[in-house]
Number of protein chains: 2
Amino acid sequence: MNIGEASKASGVSTKMIRYYEQIGLIAPAHRSEAQYRTYEDADIHTLRFIRRARDLGFSVEQMKTLLALWQDRARASGDVKAIALEHIAELDRKAAAIAAMTATLRHLASNCHGDDRPNCPILDDFAEAPLASDMPEVSARFGRANIG
Amino acid sequence: MNIGEASKASGVSTKMIRYYEQIGLIAPAHRSEAQYRTYEDADIHTLRFIRRARDLGFSVEQMKTLLALWQDRARASGDVKAIALEHIAELDRKAAAIAAMTATLRHLASNCHGDDRPNCPILDDFAEAPLASDMPEVSARFGRANIG
DNA sequence: CTTGACCTTCCCATGATGGGAAGGACTACC
DNA sequence: GGTAGTCCTTCCCATCATGGGAAGGTCAAG
């Protein structure tokens, strides 16, 4: 199987397959005589595993660990669960940050007429509101606005 | 005021102030004889506006538009509200994607003993679950896992 | 005058992904 | 056996917002 077929079968783009190989997430593929990468069913299985983990928001680093655990028949399920729980906690943090932003924005938008007149409480707030960093309890709860 | 003081007063790092100037989000600062950037109260006001918008998750492009509207006394509040509502919609999309991930992960984790034994439903799922892209209604609802 | 804190520009890195160019390989059709 | 078109290869560049750090100039306090 060439990389294009492997991509279709796994749902991982050819660009990403090469990238994952380059950074060592997956082993270098076998090569044909013309140096084409070739993939077996087992490789597709691994790529689908990666695709699934990625869809659930795991980072490449986490996927490295998860793959290693997957391939270790003697792993402790507790190790896997710990990674999953840590990831859930991080997703919850992002969700909380987003919820805080939308709550504020919804409040501001609801007070804005949204018509042709210039008066706009949204801009007024941006111009006058104290910084989150000046409010210790807020920044402690949500940290930066980095939700990526 | 030098850039360090402007940074402290606005909550925007010196790196970011220079970057925002470079990409044209803010006007080039006035310079002292030694080519140091100098800032007036009005500039701090602008930087705080940016900081506030950034904390609410607006992109640089959105901030450009918002700044222009802010500085346009004749703007229509509807234009501002439209940007805010579009941003809220995007944040809601991200929140939904995160919620879908955490729901799945919580379910998987709850079925995992999390002890020293190797059996792990989380890894089993990763290895066997169908791809989101094979389930049209799911990918239509949530798109990619890109929550950044 | 030295020390240390500040400023400048320039380059590099992040993380995951895609775009695209230049060139080689393969396949299907005539 | 050409040729067209599709595939593959590697290499470089871009994204987005942010920070790190080097090399060197400036300034203020002692």
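**Group meeting: a helix pair and DNA strand D**

Let's start with two helices, α6(A) and α3(B). From α6(A), Leu123(A), Asp125(A), Phe126(A), Ala127(A) and Glu128(A) make contact with His45(B), Arg48(B), Phe49(B), Arg52(B) and Ala53(B) of α3(B). Contact here means heavy atoms within 4.5 Å. Helices are DSSP runs (H or I, at least four residues), numbered from the N terminus.

A word on the source. This is a predicted model, where local features need pLDDT of at least 70 and side-chain atom pairs pLDDT 80 or more, while totals for chains, interfaces and linings use all residues. Residues are numbered from 1 along each chain as its sequence is written, chains are lettered from A and ligands numbered from 1 in the order written, and side-chain values use heavy atoms, without hydrogens and water.

Back to the pair. Helix α6 of chain A covers residues 121-128, and α3 of chain B covers residues 41-55. They pack at about 115 degrees, axes 7 Å apart. Axes are lines fitted to C-alpha atoms over the stretch in contact, and angles run from 0 to 180 degrees between N-to-C directions. So α6(A) is roughly perpendicular to α3(B), a term for 65 to 115 degrees.

Now DNA strand D. How many residues surround DNA strand D? The count is 20, and Gly4(A), Arg18(A), Lys15(B), Tyr20(B) and Tyr36(B) are the closest. Near means a heavy atom within 4 Å. Sugar and phosphate make up 62% of the strand D atoms within 4 Å of the protein.

Two side chains of chain B next. An N or O atom of Tyr20(B) lies 2.7 Å from a phosphate oxygen of DNA strand D. For Ser13(B), that distance is 2.9 Å. Finally, α2(B) gives the most to this surface: 4 residues.

Technical notes: Polar contact = N/O pair within 3.5 Å; in protein donor to acceptor, adjacent residues only side chain to side chain. Parallel < 35°, antiparallel > 145°, perpendicular 65-115°, else oblique.
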